[in-house]
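Reader: Could you take a close look at one chain for me, and then at the core it belongs with? I'd like one connected walk-through rather than a list.

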Protein chains: 2
Amino acid sequence: MSTAEETAGGEAQPWGEVTPDAARRLLLAAVEAFAERGYHATTTRDIAGRAGMSPAALYIHYKTKEELLHRISRIGHEKALDILRTASRGEGTATERLADAVSSFVRWHARGRTTARVVQYELDSLGPGARAEIVGLRRQVDAEVRGIIEDGVRSGEFDVPDVPGTTLAVLSLCIDVARWFNVDGPRTPEQVGALYADLVLRMVGAGNTGSV
Amino acid sequence: MSTAEETAGGEAQPWGEVTPDAARRLLLAAVEAFAERGYHATTTRDIAGRAGMSPAALYIHYKTKEELLHRISRIGHEKALDILRTASRGEGTATERLADAVSSFVRWHARGRTTARVVQYELDSLGPGARAEIVGLRRQVDAEVRGIIEDGVRSGEFDVPDVPGTTLAVLSLCIDVARWFNVDGPRTPEQVGALYADLVLRMVGAGNTGSV
DNA sequence: GGCAAGGGTGAGCGAGCGCTTAGCGCGCCT
DNA sequence: AGGCGCGCTAAGCGCTCGCTCACCCTTGCC
């Protein structure tokens, strides 16, 4: 009911904006490889091979291997920010909006675990300029969640002694899903999203959601 | 008051058990390098250089670069497990023991951020055999926290609908400290430990600790 | 049908990787 | 005092890396 971000097939179709088809296939292959083995351990030959191309084809569409990571990271962060903004600026009480934000953010990390891993864990592999841009996007992500929590404190729904610290913890909890979530594990992304929304509402001292 | 794991100098003196002095210096250099740049991006020349030795010196004390990572990971996990066991098997209510476990576990991740990063994020860089051993240690870590939560549920102190899921979330929250904690940031490890202990008690529905 | 344009390939460059080997110098045992 | 062995280094092996270059094959326009 609360996710405006889905498209038809469950996983949405990400990377639709990457325009030459071959460039998108290469980028998708890079996401897979970076998530599996890490940026530095991934070779350009591996990326090109996954995309069914020769190693040289990569350099027609991207100037360097790092440009691939930069593109992935920027698009991924914009998507994450978009998800949080949609929840944050929706209607409803702060409690409802926080639950919505957490559950949809968590679902995104669980479903697109490969993408999320690259986005969240390969920041340090970027050069200084690219990193600075991404750090700016992260600050906006933080501000979005902090805004909801501040709303809840103002309205008396939440009891939060340390708003910046709690914001940090909420985001940290969601982001770490990308590290441990296992597609073959016992939980679906939806179940984790619901569990985490409940836990976060407890963290901010909101009335229990009555879930489960 | 609750930390039995400290020694003199704040950071404890880890790696005391690594016996030839040169081997310890190499291992310490490897921890630094792995934490900064990641395992795959670290060269054996870099490790040896940080330890003030020639590249070949590394192979007198360690068979391969991976053996260094394995040793770091095993010692680190044993230390983390030790911290949790000390808190878990201490005296006091489940509430007190959970707060103690979380705050000391978080302090370890914040203080020894370099070590913790390697321990928590470079698991996949190990070969199958070494990884299996480490995964076994992680299961023990999980069991220790789950045990405290189960105690609290049994005694009526906690209200936890999903014990395994909540255990996962608590550990995830603590571990992710190693990703974001910044030594030059506004929070001390002690402050983060106290904040997180409070947040976790809220997550399990324990009465508020009255901290701050 | 000829031809420019551009996406793609095979081969390979210089560099840096993990790791090995031959040999050196210093401390310890007698 | 002599010699042995351990800890270490300089040099370098074979390999793979990110990336480049000369060339080809297809496509669309006249």
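Author: Chain A has 10 helices and zero strands. Read from the N terminus, its elements are simply α-α-α-α-α-α-α-α-α-α. The radius of gyration of chain A is 18 Å, close to the 17 Å that the globule rule gives for 212 residues, so chain A is as compact as a globular protein of that length. Bear in mind that this is a predicted model. Along its principal axes, the C-alpha trace of chain A spans about 60 × 35 × 25 Å.

Now for how the chain packs. If you take the contacts in chain A between residues at least 6 apart in sequence, 67% of them join residues at least 24 apart. Of the 212 residues in chain A, 52% count as buried.

On to the surface. Chain A exposes about 9,500 Å², and carbon and sulfur atoms supply 52% of that. As for charge, chain A carries 25 positive and 29 negative charges, and the mean positions of the two sets are 6 Å apart.

Then there's the inside. In soluble globular proteins, nonpolar side chains tend to be buried together. Here the largest nonpolar core has 142 residues, and the ones with the most contacts inside it are Y196(A) and Y196(B). Take Y196(B) and leave out residues up to four places away in sequence: in its own chain it touches V102(B), V106(B), L173(B), V177(B) and W180(B). Y196(B) also reaches across to chain A, where it touches A169(A) and S172(A).

Key
Residues numbered from 1 in each chain as written. Chains lettered and ligands numbered in written order. Predicted model: local features only at pLDDT ≥ 70, side-chain atom pairs only at ≥ 80, totals over all residues. Heavy atoms only, no water. Core = buried A, V, L, I, M, F, W, Y, C linked by side-chain atoms within 4.5 Å. Buried < 20%, exposed > 50% of the residue type's maximum accessible area, 1.4 Å probe, protein only. Contact = heavy atoms within 4.5 Å. Helix = DSSP H or I, 4+ residues; strand = E, 2+ residues; numbered from the N terminus. Rg over C-alpha atoms; globule rule 2.2 N^0.38 Å. Areas by Shrake-Rupley, 256 points an atom, 1.4 Å probe, with all protein chains shown as cover. Lys, Arg positive; Asp, Glu negative; His and termini not counted. Charge placed at Lys NZ, Arg CZ, Asp CG, Glu CD.
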